[in-house]
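Thanks for making the time this morning. I would like to walk through one model with you, going from its strands to its cores and then to its pockets.

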Amino acid sequence: MKKILLIIIVCFAVFTFSSCINESKNVTRQTFALDTVINITTNKEDSERINEAFTLLREYENVFSRTKPESKLSLLNNGQGELTEDIEKVLSFSLEMSRFTDGAFDVTVAPLVDLWNVKERNTAPTAEEIEIARSKTGYEDVTLSPFSLGGKTIDTGAVAKGYIADKVAESFKDKGVESAVIDLGGNVVLIGEYKVGIRNPFSPDEIFATITVKDKSAVTSGAYQRYFEYEGKRYHHIIDPRTGYPSESGVASATVISPSSMQADALSTSIFILGKDSISLCDNFPDTEALIIMENGEVITTENFEEKYELKK
Ligand code: ADP
Ligand code: MG
């Protein structure tokens, strides 16, 4: 399902923001992978790199997808296959995040994600179903050395797109690409400097504010694109494993900017679940800032956010 939380203004409103890279020299290509819409922009002379990136994305899909039964992660979840280097890295970081957030971020949340299945459901599961699924989660049972999932099922949906975006950016830089926008459904990595629009979570076709970001990743988590409504209530895809229900922290969207897209991805999901006070989680990561838009319209940022990223509303 489509989820573009951040709009790269340089692609869609280049005339409004003429300080950005020269449009006539750029090429943007789109594909669908990792269950989302992918847009990659580079200079025209680097356009072949985009095709290579798309191939890389398909390879990663065969590693991390939970909908593909033959992916490395699916095999692992079924007690087959080996812990690959990529999965080990994502799993190791995810377990760290789980500890940091005291289980609000939980890489073993799969049974709850599957139960809530917001893509297909249009009614809420019963309290009993939720309790059963909740009892099957628990990151504490997963160990890396020796490796054991402890009977749990891994879901890297909140962190793998960040990891993969970092990998694409790394491959671009290795090949001398000096300017690019890698947008994996709102998990954005910028090589060079760009103006980026943060979506208005209350009116997602509109931009809430713009920021100027250079050589970093910007990632937003929100409840406005993957959800269903039942009896007047919105049920979205980010689950609070402590309750078993979609999180209700009062956050409408959480945007994190960091040198690491994997960290930004995991942090934006964590802050979305934990609420505004958890913005201080950013202090544990180098050069990492966040902007939270609350459901009541309140906007909260880390201390240096506005100045560092020229926030303009
Ligand atoms: P998106 O995948 O839409 O970009 P997020 O990065 O916030 O959004 O991740 C949401 C995905 O993470 C869900 O679709 C699900 O696969 C997984 N997930 C849901 N709740 C949690 C949680 N509490 N901890 C870790 N992963 C979660
Ligand atoms: Mg995330």
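Let me start with a pair of residues in the sheet: Val219 has Val256 as its bridge partner in strand 15. That pair belongs to a longer match, since strand 10 and strand 15 pair in the antiparallel sense over six bridges. Please keep in mind throughout that this is a predicted model.

On its other pairing, strand 10 runs antiparallel to strand 7, residues 187-191, and three bridges join the two; within that set, Val189 has Ser217 in strand 10 as its bridge partner. How much of strand 10 is buried? Six of its six residues are, so the strand counts as mostly covered, by the criterion of under 20% relative accessible area. In a regular strand the side chains alternate between the two faces of the sheet. Here, Ser217, Val219 and Ser221 point one way, while Ala218, Thr220 and Gly222 point the other way, and both sets are buried.

Strand 6, residues 180-184, can be described along similar lines, with five of its five residues buried. Ala180, Ile182 and Leu184 point to one side of strand 6, and Val181 and Asp183 point to the other. Strand 6 pairs with strand 3, residues 36-43, in the antiparallel sense over five bridges, and in that pairing Asn39 stands opposite Asp183. Strand 6 is also joined to strand 7 by five bridges, again antiparallel, with Val181 opposite Leu190. The hairpin of strand 6 and strand 7 has two residues between the strands, and there Gly185 takes a positive phi near 55°.

While we are on backbone geometry, there are two residues other than glycine with a positive phi that I would like to point out, and a cis peptide bond. Leu34, with phi near 50°, lies in the loop between strand 2, residues 26-33, and strand 3. Is Leu34 buried or exposed? Its relative accessible area is 15%, and because the cut-off for buried is under 20%, Leu34 counts as buried. Asp215 also has a positive phi, of about 50°, and it sits in the loop between strand 9, residues 207-214, and strand 10; at 45% relative accessibility, Asp215 counts as partly exposed. The cis bond is the one from Ser145 to Pro146, with omega near 5°, and Pro146 is found in the loop between strand 4, residues 143-144, and strand 5, residues 147-148.

Now to the interior. In soluble globular proteins, nonpolar side chains tend to be buried together. In this model the largest nonpolar core has 63 residues, and those touching the most other members are Leu57, Phe64, Ile164, Phe172 and Ile182. Helix 2 contributes the largest share of this core, eight residues. Which residues does Phe172 touch, leaving aside those up to four places away in sequence? They are Ile40, Thr42, Arg49, Ile50, Ala53, Val177, Ala180, Ile182 and Ile191. Apart from the largest core lies another, of 17 residues, among them Leu190, Ile198, Ile211 and Leu291.

That brings me to the pockets. The largest pocket has a volume of about 1,200 Å³, and of the 46 residues lining it, Asp35, Val113, Asp155, Gly157 and Arg226 lie nearest its centre. The elements that give two or more residues to this lining are helix 2, helix 5, helix 7, strand 10 and helix 8. By class, the lining of the largest pocket divides into 21 nonpolar, twelve polar and 13 charged residues.

The second largest pocket holds about 350 Å³ of space. It is lined by 21 residues, of which Ala223, Arg234, His236, Val251 and Glu295 are the closest to its centre. Strand 12, strand 14 and strand 15 each supply at least two residues of that lining, and strand 12 gives the most, with four residues. By class, the lining of the second largest pocket has twelve nonpolar, five polar and four charged residues.

I will stop there and take questions.

Methods
Residues are numbered from 1 along each chain as its sequence is written. Chains are lettered from A and ligands numbered from 1 in the order in which they are written. This is a predicted model: local features need pLDDT of at least 70, side-chain atom pairs count only at pLDDT 80 or more; totals for chains, interfaces and linings use all residues. Side-chain values use heavy atoms; hydrogens and water are left out. On a 1 Å grid over the protein atoms alone, a cavity is a set of points where a 1.4 Å probe fits but cannot get out, and a pocket is an open set with protein on both sides within 12 Å along at least five of seven lines; lining residues have an atom within 4 Å of a point. Grid points are joined across faces, edges and corners, and a volume is the space filled by probe spheres set on the points. Ala, Val, Leu, Ile, Met, Phe, Trp, Tyr, Cys and Pro count as nonpolar, Asp, Glu, Lys and Arg as charged, and the others, Gly among them, as polar. A nonpolar core is a set of buried Ala, Val, Leu, Ile, Met, Phe, Trp, Tyr and Cys residues joined through side-chain atoms within 4.5 Å. Buried means under 20% relative accessible area, exposed over 50%, partly exposed in between (1.4 Å probe, protein chains only). Contact means heavy atoms within 4.5 Å. Two strands pair if DSSP finds at least two bridges between them.
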